[in-house]
Structures are given as structure tokens and as C-alpha cells.
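Biologist: Pick one small part of this model and take me through it slowly, then work outward from there. I'd like the cut-offs spelled out as you go.

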Amino acid sequence: MSAPVSLSLLVNGEPIDAFVLPRLNLADFLRENLKLTGTHVGCEHGVCGACTVRIDGEIVRSCLMLAVQAHGASVETIEGVSDSGEIADLQAAFRERNALQCGYCTPGMLMTAQDLLKHSPVPDRQAIREHLSGNYCRCTGYQAIVDAVEATAKTRAERRT
Amino acid sequence: MKAAAFAYARATSVVNALELLAVHGDKAKVLSGGQSLMPAMNLRLLSPEILVDIGGLAELRGIAMRGDVLVVGALTRHVDLLRSPEIALHAPLLRDAVSHVAHPAIRNRGTIGGSLAHADPASELPACVMALDATIVARGPTGERRIAATEFFKGIYETALSPDELLVAIEAPVTGQGSTFFFQEYARRHGDYAVVGLAARAVVAAGRFSDLRLGFFAVGDRPLLAAAAGKLINASVNPELLAEAATALTNELDPQEDQQATAAMRRHLATVLLRRCVAALLARPELATGVAK
């Protein structure tokens with residue numbers, strides 16, 4: 001019982017093969033096995049959003065997914081979207097507007113904000129707040145985060161025209 | 001916290017999943033989207049010996065019309081309900097409800113079958129399937145059986161499913177013309193557990209309800225199809241009749257007290273939702289204003 005299970009997946013475009021215990025969640029697999037510690041573990045029951053990653057292009061809570069459930073999937077973490085430059089402007093906007101203090105929530109915030117901007121290019125502040133409502137920040141009071149996401153949306157919209 | 005150790009089996013087909021459930025019985029838990037099961041396991045509220053992962057069974061995911069029945073596969077995710085044109089056309093109640101279910105990252109994984117089988121009394125979809133007069137399709141070792149949604153929910157996290165059965169689909173009759181819907185809930189913040197909620201389906205003709213199904217949730221140990229709706233069907237609704245229906249509703253509710261609300265507060269909020277619902281469905285905003293006693 002509870003023997004290791006084989007697992008093959010893509011992480012940030014790189015093929016990974018591993019044997020893991022079923023109980024290992026995806027967040028711990030990324031952090032402990034792959035040393036991708038940008039994905040943070042906060043509440044471990046799906047409430048805080050710090051562990052948000054993308055699976056096959058859609059954001060999920062990596063603490064609410066077993067590593068073995070990611071078999072055959074393409075996982076993207078904050079390291080992936082950061083290194084590729086996909087969210088460089090969003091990161092810059094967070095920096096400029098002090099949209100982070102301790103930084104614990106920031107990877108999850110960035111993953112979730114980028115998801116919003118992909119699906120809805122020019123969201124209003126209400127839509128930004130709603131989309132980020134599953135991501136907790138205990139430092140900023142959220143205003144600066146909403147500012148940064150809104151500013152990025154506007155800059156991207158201008159670039160497109 | 002982390003989940004306790006368990007064994008894991010990736011089901012290769014529905015038949016395979018049923019075989020696994022037959023072997024392991026109530027020592028097994030079915031893993032669908034995992035958005036309720038995983039938190040419960042991480043918090044050590046649940047420690048199954050084995051998880052049967054049905055997540056890869058593509059045959060269970062999808063939305064289709066079969067005659068005048070809307071069929072929703074058990075593995076259909078919340079995000080699919082939000083985006084589906086069939087749902088928007090035939091059962092917009094599900095779309096409206098799902099927008100209140102947690103947050104985008106959760107809706108990308110959570111499934112309708114998982115939500116119904118989990119049977120959390122505060123969750124939205126159980127009340128919706130009751131309001132829609134839907135049928136739950138379960139498959140077991142001896143074949144398939146159909147369970148009326150109104151007979152499916154038995155208590156907190158309890159359903160009519162036996163441990164060797166798998167919820168495979170939801171069938172909702174499409175009444176075609178004339179059905180209207182209402183969904184609202186009170187929650188501390190959008191996406192939080194509901195304090196009280198209401199999912200309703202109605203048929204309105206000439207300013208009267210010819211049908212009205214009121215599915216309340218977070219008002220007891222299971223969703224409730226309110227009998228008080230009967231007072232409003234085929235009747236000329238006025239503030240007095242609505243007050244009478246509200247009183248009948250508070251009498252049939254048996255809400256629990258928790259850190260979110262007292263039982264009295266839940267009863268009160270349920271009557272507020274009743275008034276708003278009736279006012280919205282009859283397009284008579286003045287009916288929403290009375291304060292329930």
C-alpha cells in the first residue's frame with residue numbers, strides 16, 4: 001500500500017520523470033523534489049492562493065493537487081513565467097507600486113493576475129479584485145496590487161493598438 | 001498540514017473504477033477534481049486508505065443535449081459550466097451559481113460530480129440540481145440507477161450513493177420556453193462559503209407562478225426544496241401572501257448555528273432571499289422591500 005507511483009510531466013517545458021508517494025502534493029513536489037521554491041505553501045487547504053501554478057495553461061492550487069495527478073500534464077511555475085519574460089512588465093509594475101512587502105503571496109498573485117490579463121485584457125478594478133479574491137496578502141491591503149494589475153493591463157492594451 | 005499516507009489507483013475506465021470500488025468499499029474515496037477532498041485530507045478530517053482517481057476518464061466530462069434532457073458528465077468542471085453555451089441557454093442557473101463557487105483556480109479543477117457527491121450543505125450546486133428537478137445518474141456493480149436530486153442528499157456529506165457506486169452524470173429536464181431562474185447567496189466575501197443561499201427555477205405566466213422550485217442551501221444539514229413555494233403557485237402574489245410564505249419558510253427551515261451566523265440570522269436571511277427572488281422573477285421590485293418578521 002501507498003507505494004511510490006511513477007510520474008512523467010513537463011515542468012516549465014522540461015520533461016521530468018519521477019517516483020513519488022501518492023500523498024505528496026504538487027506544491028511540495030515542485031519545492032522539495034525540483035527545488036522550485038518560488039511556489040509558496042501557505043494554508044495547505046486551498047484558501048490562500050500562495051501555491052498557484054498553471055496546469056495546461058490554467059491556474060490551479062498546487063496544494064490541492066497530488067503530484068501524481070499531474071501525470072502527463074504541463075506545469076508552469078513562477079520560475080517559468082518569470083524566466084520566459086512573460087510577466088516582466090507585471091513584475092515591474094508590482095515593484096514600482098510597492099505591490100508587495102514580505103513577498104510571500106507575490107508568486108501566487110502574479111500567476112493569478114497574469115491569468116486574468118490573458119482571459120480579460122482590460123479588466124476594471126472590480127474584476128481585478130474578484131479574480132484576485134482567492135489570493136491573500138497580509139501586508140499591502142491590496143490597493144497597490146490592484147493598481148499594479150490595472151496599470152499593466154492599460155500598458156498592454158496601449159501596446160496592442 | 002499534509003495528508004496521511006494512502007494508496008493510489010488511477011482508474012483507466014468507469015468499469016475499472018467500479019472494480020476498484022467493489023474491492024475497497026468504504027475504505028476508498030473517489031478523487032475527481034479534489035477541491036473538497038484534498039483540503040479535508042490535508043486537514044486530516046479524512047484519511048482514506050486508497051484514492052481511486054477518476055480524473056483521467058474523459059468519457060465522464062462534457063455537456064450535451066439528449067432530446068429535451070441536458071446531460072452533464074460528472075467530471076465537467078466548474079469552469080466548463082461557466083463557459084458552456086448549452087448551460088447558458090438551457091440551465092443558466094448553473095452558470096450563475098458557479099460564479100459564486102470559490103475562486104478561478106478552484107473552478108478550474110472542481111467538478112460538478114465531485115461537488116454533488118461531497119454534499120456539503122453550504123455548497124451551491126446541490127441546491128441547483130434540486131431546483132432544476134435534475135436526476136443523478138449512478139453506476140454500480142449491477143448497472144445504472146437514476147436518483148431524483150430531491151432524494152439524493154441525506155445529510156452533511158451524506159448521499160444516497162453506496163460505496164461501490166460512482167456518480168457518472170446529471171440529467172436536467174429542459175422545460176424549454178418560459179423557465180426563469182434566480183440565484184443569490186449571502187457570503188462574507190465573494191467566493192466564501194455561503195451563509196445562506198437560494199437557487200430557484202420558475203415558470204411565470206400572466207404575472208403568476210405556474211411553477212416555482214426554491215432550493216435553499218446552508219440552511220440545514222442538506223439543501224432544502226422549500227414547500228413554502230407552494231403558497232405562491234397559481235396565486236396572485238401580494239405582500240400579505242408573500243409574508244405568509246416567508247413565515248412558512250422560517251418554520252420549515254432548521255438552520256445550524258456556526259461562526260458565520262446564528263440560526264435566527266439564517267432564517268431571516270432566507271426570507272430576504274425569498275422576497276428578492278419572488279420580486280425578481282415576477283418583475284415586481286416593490287415586493288422585495290418588506291422586512292420579514
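Modeller: Let's start with a strand pair in chain B: β2(B) and strand β3 (residues 50-53) run parallel, joined by four bridges. Helices (H or I, at least four residues) and strands (E, at least two) are DSSP runs here, numbered from the N terminus, and two strands pair if DSSP finds at least two bridges between them. Before going on, keep in mind that this is a predicted model, where local features need pLDDT of at least 70 and side-chain atom pairs count only at pLDDT 80 or more, while totals for chains, interfaces and linings use all residues. As for labels, residues are numbered from 1 along each chain as its sequence is written, with chains lettered from A and ligands numbered from 1 in the order in which they are written.

Back to β2(B), which covers residues 28-31. B:Ala28 has B:Ile50 as its bridge partner in β3(B). To get from β2(B) to β3(B), the chain passes through helix α2 (residues 37-42) of chain B, and this β-α-β crossover is right-handed. By that I mean that, with the strands pointing away from the viewer, the path from the first strand over the helix to the second runs clockwise. Which way do the side chains of β2(B) point? B:Ala28 and B:Val30 go one way, B:Lys29 and B:Leu31 go the other, and all are buried. Buried means that 20 or more other C-beta atoms lie within 10 Å of the residue's own; exposed is 12 or fewer, partly exposed is in between, and the C-beta atoms are placed from the backbone.

Next up is helix α1 (residues 14-24) of chain B, whose buried residues are B:Ala17, B:Leu20 and B:Leu21. Why do they line one face of the helix? Looking down the axis of α1(B), its buried residues fall within an arc of 100°, so they line one face; that arc is taken over the directions from the helix axis to the C-beta atoms. The general rule behind such patterns is that an α-helix has 3.6 residues a turn, so residues three or four places apart point the same way. The cover over the buried residues of α1(B) includes β1 (7-10), β2, β3 and β10 (166-173) of chain B. Right after α1(B) comes B:Gly25, with a positive phi near 55°.

Now zoom out. An automatic or database domain assignment sets the bounds, and for chain B it gives domain 1 (7-53), domain 2 (58-173) and domain 3 (181-286). Taken over C-alpha atoms, the centres of domain 1 and domain 3 of chain B are 35 Å apart.

One arginine further along chain B deserves a stop: B:Arg201, in strand β12 (residues 194-205). B:Arg201 counts as buried because it has 24 C-beta neighbours inside 10 Å. Setting aside neighbours within four places in sequence, B:Arg201 touches B:Leu93, B:Ala131, B:Leu132, B:Ser179, B:Phe181 and B:Arg213; contact means that the two C-beta atoms, placed from the backbone, lie within 7 Å. From B:Arg201 to B:Ala187 there are 14 residues in sequence and 21 Å in space, C-alpha to C-alpha.

Chain B also meets chain A, in a contact that takes 28 residues from chain B and 26 residues from chain A. On the chain A side, β4 (58-61), α4 (106-119) and α5 (125-131) each give two or more residues, and β4(A) gives the most, with four residues. That side of chain A splits into 10 nonpolar, 10 polar and six charged residues. Nonpolar here is Ala, Val, Leu, Ile, Met, Phe, Trp, Tyr, Cys and Pro; charged is Asp, Glu, Lys and Arg; the others, Gly among them, are polar.

What does β4(A) pair with? Its partner is β3(A), antiparallel and joined by four bridges, with A:Val53 standing opposite A:Val60. The two strands make a hairpin with two residues between them, and A:Asp56 in the turn has a positive phi of about 45°.

β3(A) also turns up between the domains of chain A, domain 1 (5-81) and domain 2 (87-160). There, 13 residues of domain 1 of chain A are in contact with 13 residues of domain 2 of chain A, and the largest share of the domain 1 side, three residues, comes from β3(A).
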